[in-house]
Amino acid sequence: MAFVCLEDPTLERNFKGHRDAVTSVDFSLSKKQLVSGSMDSCLMVWSMKPQMRAYRFVGHKDAVMCVQFSPSGHLIASGSRDKTVRLWVPSVKGESTAFKAHTATVRSVHFSNDGQSLVTASDDKTVKVWAVHRQKFLFSFSQHINWVRCAKFSPDGRLIVSSSDDKTVKVWDKASRECVHSFCEHSGQVSVHFSIGGVKFVSHVDFHPSGTCIASASTDNTVKVWDVRMNRLLQHYQVHSASVNCLSFHASGNYLITASNDSTLKILDLLEGRLLYTLHGHQGPATSVSFSRAGDFFASGGLDEQVMVWKTNFDVSDYGDVLKTRKYSMNVNSSFNNMNPMDTGNGDIQKSGIYRQEKQSEVDFGEVTDKQKSQETVESLRKSQEATESVRRQQEQIDEPSLASTLQHIVGQLDVLTQVWIVSRFD
């Protein structure tokens, strides 16, 4: 196996402008803009170009819990404690249209990869799917029996995953509108642990870029990766010392980044099952994190009201060679025989600057403890990597001209559907 020297992530920008905790962050497709939502009821759209001012979007009447750019970058969706979802045009005017999506706080919004559908999750215990073009309600899933924290489409749009305070993670089939699997706490071979003040739950879930796995962040300080084809636990990471609030997959599918109440961000190498980096920057809990679409940057938000932009670096230089080496040159049966499925080493290297790098930390594969099962885990993740590239090729064929007409349609409806909100520029 050829070993590649990875470069450390670096802090590139530090945005200040919110007046309360940052709840959500997301990059546009072009990486020219970054959007953040906050408990201050506002969205901020930050320009990645130096010297460019940010825009403050005002419209929600209560805390903004979630934000996301559409795949084309022409729209931003936001969900709020005011029970509404808004679709914004990310321009200087900041025009938006709102619709009452739920009967309680909207915790999560997520576009399908074709930009045609939007899934929302709420404290009213439901997950709802909407047609973006007309903000039309399509259908809902209502089998959760407590608040729903998060809901995401699979890359191909056929599945939806949701996490709830009822201690379950459910996988739904969009076409049949049925729950195809439910991961429950201590349900035999798969266990889901979660906690806040003694009450345990999953705070965030997301699909692997291949669509074959999901990862969950939980309030019991752990991160788990599951195979949704065989419905089994693949990896179980215990690397944080407090609740894990958010996570995001790198576009390659090889890495996962997490944000925690212990104030750190952690980058996990999924193929090798180990902790790569611990990043320190936020003063207090890190509440949100997201990789850019290409994975060359990631952003984080915190209780300290700051939005930080980091350059990934470890995937920039000869990144294609890294993937090729890992995908084709590894002998899975021999190379991973030396991987320790439970590495309890805590060798820290103190770095100057804003973060500490940890090359190894505790990784627990849960039920997968023997050598053969560890190899199966790695093989499954390797196949997920191959599937990722297949999905990406399919996505490149997606025709999005309809989004441009959708944008015109929404803008045309603004005067009829809703008043125009004034955007105050950030000084």
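# A tour from strand 25 outward

Begin by selecting I267 and its bridge partner in strand 25, Y277. The model is predicted: local features require pLDDT of at least 70 and side-chain atom pairs count only at pLDDT 80 or more, whereas totals for chains, interfaces and linings use all residues. Residues are numbered from 1 along each chain as its sequence is written, and side-chain values use heavy atoms, with hydrogens and water left out.

**Stop 1: the sheet of strands 22 to 25**

Extend the selection to strand 24 (residues 264-269), which pairs with strand 25 in the antiparallel sense over six bridges. Strands here are DSSP runs of E with at least two residues, and helices are runs of H or I with at least four, numbered from the N terminus; two strands pair if DSSP finds at least two bridges between them. Another bridge to display is that of T264, whose partner in strand 25 is H280. Next, select G273 in the hairpin of strand 24 and strand 25, where four residues lie between the strands; G273 takes a positive phi near 65°.

Now show the whole open sheet, in which four strands follow the order 22-23-24-25 with antiparallel pairing. Strand 22 (244-249) and strand 25 are its edge strands, each pairing on one side only. On average, neighbouring strands of this sheet are turned by 20° against each other, direction ignored; the axes behind this angle are lines fitted to C-alpha atoms (for helices, over the stretch in contact), and angles run from 0 to 180 degrees between N-to-C directions.

How many residues of strand 25 (residues 274-280) are buried? Five of its seven residues are, and the strand is mostly covered. Buried denotes under 20% relative accessible area, exposed over 50%, and partly exposed the range in between (1.4 Å probe, protein chains only).

**Stop 2: the hairpin of strands 4 and 5**

Move to strand 4 (residues 42-47), which is joined to strand 5 by four bridges and runs antiparallel to it. Select V45 and, opposite it in strand 5, Y55. Six residues separate the two strands in this hairpin, and Q51 takes a positive phi near 75°. Strand 5 (residues 54-58) is mostly covered, with four of its five residues buried.

**Stop 3: aromatic rings**

Select F99 and W130 with their side chains shown. Their ring centres are 4.9 Å apart and their planes stand at 55°, so the pair is tilted. Rings of Phe, Tyr and Trp (its six-membered ring) pair if their centres lie within 6.5 Å; planes under 30 degrees apart count as stacked, over 60 as edge-to-face and the rest as tilted. F99 belongs to strand 9 (residues 96-100) and W130 to strand 12 (residues 127-131), so the pair ties together parts that are 31 residues apart in sequence. Both F99 and W130 are buried.

For an edge-to-face example, select F139 and F141, whose ring centres are 5.5 Å apart with planes at 70°. F139 is buried at 7% relative accessibility, and F141 is buried at 2%.

Return to F99 and W130 and add F137: ring pairs link these three into a cluster. Then add K128, whose charged end sits over the ring of F137, 5.6 Å from its centre. A charge sits over a ring if NZ of Lys or CZ of Arg is within 6 Å of the ring centre and within 35 degrees of the ring normal. A further case is R86, which lies over the face of W88 at 5.8 Å from the ring centre.

**Stop 4: K152**

Select K152 in strand 14 (residues 148-153). Is this lysine, K152, buried or exposed? K152 is buried, with a relative accessible area of 10%. Its side chain makes a polar contact of 3.4 Å with the side chain of H204. A polar contact is a pair of N or O atoms within 3.5 Å; within protein, one must be able to donate a hydrogen and the other to accept it, and residues adjacent in sequence count only if both atoms are side-chain atoms. Leaving aside neighbours within four places in sequence, residues in contact with K152 include H110, V119, I160 and D206; contact means heavy atoms within 4.5 Å.

**Stop 5: S182**

Finish at S182, found in strand 17 (residues 178-184). S182 is partly exposed, at a relative accessible area of 22%. Not counting residues up to four places away in sequence, S182 touches T168, V169 and K170. The C-alpha atoms of S182 and V169 are separated by 5.7 Å, although the two residues are 13 apart along the chain. With K170, S182 forms a side-chain polar contact of 3.2 Å.
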